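Me: I should like a close look at one part of the model shown below, with its surroundings described in order. Please give the cut-offs of each term as it arises.

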Amino acid sequence: MKKIINNPDNVVSEMLQGLAKANPSVVYSGVGIEVISRKEKKQNKVGVISGGGSGHEPAHAGYVGYGMLDAAVAGNVFTSPSPDRILEGIKQADSGKGVLMIIKNYSGDVMNFQMAGELAGSEGIKTDYVIVRDDVAVPDSTYSTGRRGIAGTIFVHKIAGAAAEQGKSLEEVKALAQKTIDNVRSMGMAMTPCILPAVGRPGFELGEDEVEIGMGIHGEPGVNREKISQAKELAGKLVGRILDDYEFTGNEVAVMINGLGGTPLMELYIFYNEVEKILTEKGIKIYRTFVGNYMTSLEMAGCSVTLLKLDRELKDLLDFRCDAPAFRV
Amino acid sequence: MSFVITSKDYINYINIVSKKIYEDRDYITDLDAATGDGDHWTNINMGFQSLVGASDELREMPICEAFKKIGMLMMSKIGGSSGILYGGAYLAASKAVAGKESIDSQELCTALEAMVNDMMMRGKAKPGHKTMIDALYPAVQTYKEALASGTDDKKTLELVKQAAIDGAEATRNMEAVKGRASYQTNKGVGHLDPGAVTMSYQIECLCDYIINNVIN
C-alpha cells in the first residue's frame, strides 16, 4: 500500500479537517463526529443532508454549500456513519422547516439514517428521507436490498438542494428528490481494485487486461468480467444497459461521466465523446454534461455513466446556482 | 440452581473474545474479502476494543446497564450495518433484563433471544440469509430447548456453543440475501459469512467462560 496518510485510523477526520481548511465556506464538527456543514446557516429553510461511508470523495462533504447540501456526515471508509453522527448532521442542517436525508441504498446506511431520524424526532426535529437506487447493474428487487445508490446521488443532491434553497417545504423537496430518483439511472465498470487504508491490500484481483462491468463503488462484484475493449465498445455496453432499463429516447437528459478515482480525465473525456455519439444516435438530447470525479471508490480505476431524464421543472433546478467545494453551477 | 453471571463476568468474557477477534485479523479479513469489502474485521475489532477500553466502568454497572452502555458503544464505534445491528441488539437485551444486577441462565437466554429478534427485525433478515443471525439464532433455539428439557448447565452451554459453531459453518452453502455478498452472481456460495464467524466466536467464548469460570 502506497498512500499519503499518517495513520489508517485517522484518515476520515484528517481528510475532513483538510477539506474544511481548504474551503472556508464549510466547517468541520470535530473528531469522532465527522460532520461537514455550511458556515453560514440560512434560517427557515428545509435542511438537506447526506452521508455514508468515506472513500467516495468528494462525496459527500464536497457537496456542502449554497444550492446543495447543508451538512454531510462521514462514516469510516466504506462504512455507514453511526446514528449519533447523523443526528449531529441533522441538527446542523435544521433551521425549523425539517430536514431531508438523502440516503444511498445500502442496508447499513438505511438502518443508521432511519434510527438517526427517530432520534431527531424524539428531540422535536422533523425529518424525512429518500433512498437513491440508480445502479442498473443490480436487479431491482423488494426481496433483497436491491439497487445500490451510486453517482446518480449527486443529481439528487443538486435538485433537492436547489428546491430547498428556493424555499420549498419538506414535502415538496422530498417529492422533487424522489422524482429525480425515479428519473435517474447509472451503470459503471472497474479496471483496478481499491485498497482500504485500514486493510492495506486490494480486496479482490482484476487481471491486467480485464474490466468488470457493473462493479459497485465498494468493489461489489459486477455482472460480467471481460477483456478490456476500446472506449466506444465500453461506452456502448454501459449506455446499452441503462437504455435497456429505462426509456430515455426522445427525451432531454443530463449526463454525468463519473471517474472512480484512478482514471485520468483524458480517458473520461474520450469516454464521453463516445457516450455523446451513442445518445445522439438514439435520439436522446443532451441538455447538460458533467465530467469528473464525483463519486469515487478510493484509487479504483474505472467510471460510470449516469443519465437523468429532465423536464422543465428539473432543468430549472439543475440550472439553479450552486456553490459547493466540488460542484458549481 | 442455575449459574449467575454479573457484569464482571460478562466483561471478562468480552475481553477474551476481543483478544480472539484481534488475533484472527487475517482470517476474518480474508473471509470478508471473498464476499464483502474487507472491512468487517476493522470495524468489529474497533467496536470490541472500545468495550475493552471501557471495561473498568462497565464492570461496576448492573448488567442491564452494562448491556445498554455496550450497545451505545458498539453503535457508535463499529458503524455500518454491524454497528447498528449489534447496538440495537444490546439495547434490546438491556430492556429484556431491565433492573437486573446479575442474570441467571434463563435470563441470559432471554437476553440472547431479545438480541436475535432485534437483529432480525431491524435488518429485515431471517435465518438462512447468510448473516450473523445464522450463528446466533440456532444457539438461542438450542438454549431454549435445553432449558425446557432441564439439561444441566454445563451440557446446555456445550450444546449452545456447538449450535453457534455449526450455524456459522452452515453459512458456507447459503446464498446471501442481505449485504454486499448478495450482489455476487453466486451470492457468496462456498464462502463462510464473516459476520456469522465472529458471532460464533462470541457465543463460543461466552459459553467457555461460563463453563470454566462460573460453573463449579
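Where does His60(A) lie?

Reply: His60(A) lies in the loop between strand 3 and strand 4 of chain A. Residues are numbered from 1 along each chain as its sequence is written, while chains are lettered from A and ligands numbered from 1 in the order in which they are written. This is a predicted model, in which local features need pLDDT of at least 70, side-chain atom pairs count only at pLDDT 80 or more, and totals for chains, interfaces and linings use all residues. Helices (H or I, at least four residues) and strands (E, at least two) are DSSP runs, numbered from the N terminus.

The peptide bond that leads from Ala59(A) into His60(A) is cis, with omega near 0°. A cis peptide bond also joins Glu57(A) and Pro58(A), where omega is about 10°. Pro58(A) belongs to the loop between strand 3 (47–54) and strand 4 (71–77) of chain A.

The two strands that flank this loop are part of an open sheet of six strands in chain A, with the order 1-2-4-3-5-6 and mixed pairing. Its edges are strand 1 (26–28) and strand 6 (127–132) of chain A, each of which pairs on one side only. From one strand to the next, the twist averages 20°. Angles run from 0 to 180 degrees between N-to-C directions, and axes are lines fitted to C-alpha atoms, for helices over the stretch in contact. Two strands pair if DSSP finds at least two bridges between them. At one edge, strand 1 of chain A is joined by three bridges to strand 2 (residues 35–38) of chain A, and these two strands run antiparallel. Within that pairing, Tyr28(A) has Ile36(A) of strand 2 as its bridge partner.

A second open sheet of six strands in chain A has the order 9-8-7-12-10-11, again with mixed pairing. Strand 9 (224–227) and strand 11 (285–292) of chain A are the edge strands here, each pairing on one side only. The twist averages 20° from one strand to the next.

Strand 12 of chain A is flanked in this order by strands 7 and 10. Strand 7 (residues 184–190) of chain A runs antiparallel to strand 12 and is joined to it by seven bridges. Gly188(A) stands opposite Ser304(A), and Arg185(A) stands opposite Leu307(A). Strand 10 (residues 252–259) of chain A also pairs with strand 12 in the antiparallel sense, over eight bridges, and Gly259(A) stands opposite Cys303(A).

Nine of the nine residues of strand 12 (residues 302–310) of chain A are buried, so the strand is largely enclosed by the rest of the structure. A residue is buried if 20 or more other C-beta atoms lie within 10 Å of its own, exposed if 12 or fewer, and partly exposed in between, with C-beta atoms placed from the backbone. In a regular strand the side chains alternate between the two faces of the sheet. Both faces of strand 12 of chain A are covered: Gly302(A), Ser304(A), Thr306(A), Leu308(A) and Leu310(A) are buried on one side, and Cys303(A), Val305(A), Leu307(A) and Lys309(A) on the other. Helix 6 (residues 231–245) of chain A lies across strand 7, strand 8 (210–213) and strand 12 of chain A, running at about 150° to strand 7.

The loop between strand 11 and strand 12 of chain A holds Leu298(A). Phi of Leu298(A) is near 55°, a positive value in a residue other than glycine. Leu298(A) is buried, with 22 other C-beta atoms within 10 Å.

The partner of chain A remains to be described. The contact between the chains takes 28 residues from chain A and 24 residues from chain B. Helix 6 of chain B gives the most to the side of chain B that touches chain A, with four residues. Two residues are in contact if their C-beta atoms, placed from the backbone, lie within 7 Å. The predictor gives the complex an ipTM of 0.71 and a pTM of 0.86. For chain B the mean pLDDT is 93, and 97% of its residues reach 70 or more; pLDDT is the predictor's confidence in each residue, from 0 to 100.
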